[in-house]
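Below are some notes on the empty spaces and the ligand site of this entry. They are set out as numbered points.

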Amino acid sequence: MHINDEENVTPSPFADPQESHRELDRMRPPDEARAIIERHLARMPSEPVALADAAWRILAGDLVASEDHPPFPASTMDGFAVVADDGSPWREIIGDQHAGHVLDVEVSEGYTVRIMTGAPVPPGANAVVPVEATELADDHVVIHQEDVAPGANIRPVGSDVRRGDLILPAGTTLGPAEIGLVANMGVNPVAVARRPRVCVLSTGDELVEPGEPLGPGQIRDSNRFSLTTALAAEPCEITFSGKAPDRRDELERFLRERMELDDVIVTSGGVSMGELDLIKAILFDADDVTVHFRRLYLKPGKPLNFGTCGETLIFGLPGNPVSSLVTFELFIRPALRRMSGALEVDRPRLRARLEEGTPASDRIEYQRGIVTAGPGGRLTARSTGAQQSSRLASFVGANALLVIPPREIPYEPGEEIDALMLAPPRAQP
Ligand code: AMP
Ligand code: MG
């Protein structure tokens with residue numbers, strides 16, 4: 001299979017538009033579509049961001065330790081810093097060593113310093129005896145512990161992090177532990193990938209704002225809210241979301257404006273075969289937009305349109321709510337993560353056995369499903385019920401997209417399939 005001919009489909013005034021249409025209407029496998037998108041996306045530049053604002057951002061470069069941690073030998077216990085093989089029956093307390101301070105004392109045999117967790121172990125001492133193993137008498141302490149090993153209860157310099165260690169590779173998502181390590185290394189601000197700017201537009205004359213009454217033939221715009229919610233979990237900045245009627249001038253104006261401002265434009269609706277499927281027509285007709293594909297061997301999501309204008313990616317998603325969310329999941333989410341340089345681009349794939357049979361089609365199908373871990377961690381999968389692409393409820397409770405490859409004969413119960421995990425498997429009750 002050749003996948004490189006997509007560069008020939010740019011509509012140009014010299015090409016026969018019917019020929020371009022025919023080429024664009026060639027059905028493509030989703031993998032080929034993914035490869036085309038990958039070839040056209042631009043990596044985001046890095047930008048410095050204050051640590052306090054860097055939660056869940058993507059690290060732009062490797063984080064290499066510039067210093068040892070801990071930077072001094074630190075006590076891991078509240079107790080007494082001693083000389084390990086000191087045989088004295090009791091020790092005289094010569095000071096209190098708190099965290100964040102440095103006492104000017106030296107510990108020798110017969111002497112000790114009271115020390116707190118995280119405080120630097122004073123010179124001369126090479127072990128800490130926990131307070132529970134001691135007995136206090138005036139300015140003396142008796143140690144009720146047979147053997148005190150050298151190094152006991154001390155974190156040596158560099159025992160957590162060694163200078164020069166690669167702590168976090170570029171592309172790491174800064175969650176709680178990761179951002180803690182960045183802080184730990186004193187890096188603030190931190191260089192992270194700029195978030196791709198993304199706008200979302202629902203299109204259709206039938207669409208009404210939720211909260212407004214429905215007129216005849218109208219439905220409420222749900223895609224915008226589903227898509228912005230899906231985007232909120234990804235490394236991106238939502239610059240605009242709204243809806244527009246099926247009016248060519250308005251849609252064109254919108255696309256023109258957003259192509260100047262955004263890295264990714266996401267529309268829903270208007271890409272099928274209907275007369276008012278204007279997004280498809282506008283993208284095709286615009287001189288500066290290259291349409292790369294618009295029909296996929298995919299269920300749901302067959303009429304996904306993908307075009308580029310300069311470095312701006314334009315995704316014309318189908319209007320059906322399930323189709324728009326599935327195509328978001330399969331194409332836009334990975335694109336945003338790739339643009340950000342994230343190490344984790346794809347959802348994990350697990351093998352699971354079908355609990356029930358399912359018909360096969362000539363297109364690869366992604367069913368909303370529930371994957372459950374049974375005894376011994378064996379995974380089973382069942383669909384969430386009726387799978388038609390208008391039925392958003394088929395996504396509710398789903399923790400996976402079940403991958404049903406095309407074939408002639410139906411799938412039998414017990415057959416193993418791939419599941420793209422949107423959330424962890426359920427535990428069997
Ligand atoms: P279209 O792709 O414009 O032909 O739309 C396909 C189906 O999805 C139609 O039934 C539309 O009414 C429905 N639809 C389109 N946009 C939305 C939206 N934003 N929210 C909910 N349903 C939509
Ligand atoms: Mg429409």
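1. For the class counts below, Ala, Val, Leu, Ile, Met, Phe, Trp, Tyr, Cys and Pro are taken as nonpolar, Asp, Glu, Lys and Arg as charged, and the others, Gly among them, as polar. The model is a predicted one.

2. On that scheme, the lining of the largest cavity holds five nonpolar residues, two charged residues and no polar ones. The lining consists of R34, I37, E38, L41, F331, P334 and A335. Two elements, α2 (30-40) and α7 (321-339), each give two or more residues to this lining. The volume of the largest cavity is about 40 Å³, and the count of cavities of 30 Å³ or more comes to one.

3. Where does ligand 1 sit? The space that ligand 1 takes is the largest pocket. This pocket has a volume of about 460 Å³ and is lined by 33 residues. Nearest its centre lie P318, G319, N320, P321 and S323.

4. Which elements supply at least two residues each of the lining of the largest pocket? They are β13, β15, α7 and β23 (364-373). Of these, β23 gives the most, with three residues. Helix α7 thus appears in the pocket lining and also in the lining of the largest cavity.

5. By class, the pocket lining divides into 16 polar, 10 charged and seven nonpolar residues. For the cavity lining the corresponding counts are no polar, two charged and five nonpolar.

6. Around ligand 1 there are 17 residues, and those that come nearest are E206, D221, S222, G270 and G319. The shell divides into 10 polar, four charged and three nonpolar residues. Strands β13 (197-203) and β15 (219-220) each supply at least two residues of the shell; both strands also contribute at least two residues to the pocket lining.

7. Three contacts to oxygen atoms of ligand 1 can be checked in the model. A polar side-chain atom of E206 lies 2.6 Å from a ligand oxygen. From G270, a backbone N or O atom lies 2.9 Å from an oxygen of ligand 1. From N320, a backbone N or O atom lies 3.2 Å from an oxygen of ligand 1. On its own, ligand 1 has 490 Å² of accessible area, and the protein covers 77% of it.

8. N320 enters this account twice: it is among the residues nearest the centre of the largest pocket, and its backbone makes the 3.2 Å approach to ligand 1. G319 is also among the residues nearest that centre and is one of those that come nearest to ligand 1.

Terms used:
Residues numbered from 1 in each chain as written. Chains lettered and ligands numbered in written order. Predicted model: local features only at pLDDT ≥ 70, side-chain atom pairs only at ≥ 80, totals over all residues. Heavy atoms only, no water. Near = heavy atom within 4 Å. Polar contact = N/O pair within 3.5 Å; in protein donor to acceptor, adjacent residues only side chain to side chain. Areas by Shrake-Rupley, 256 points an atom, 1.4 Å probe, with all protein chains shown as cover. 1 Å grid on protein atoms, 1.4 Å probe; cavity = no way out; pocket = protein on both sides within 12 Å on 5 of 7 lines; lining within 4 Å. Sits in = over half its atoms within 2 Å of the grid points. Helix = DSSP H or I, 4+ residues; strand = E, 2+ residues; numbered from the N terminus. Points joined across faces, edges and corners; volume = space filled by probe spheres on them.
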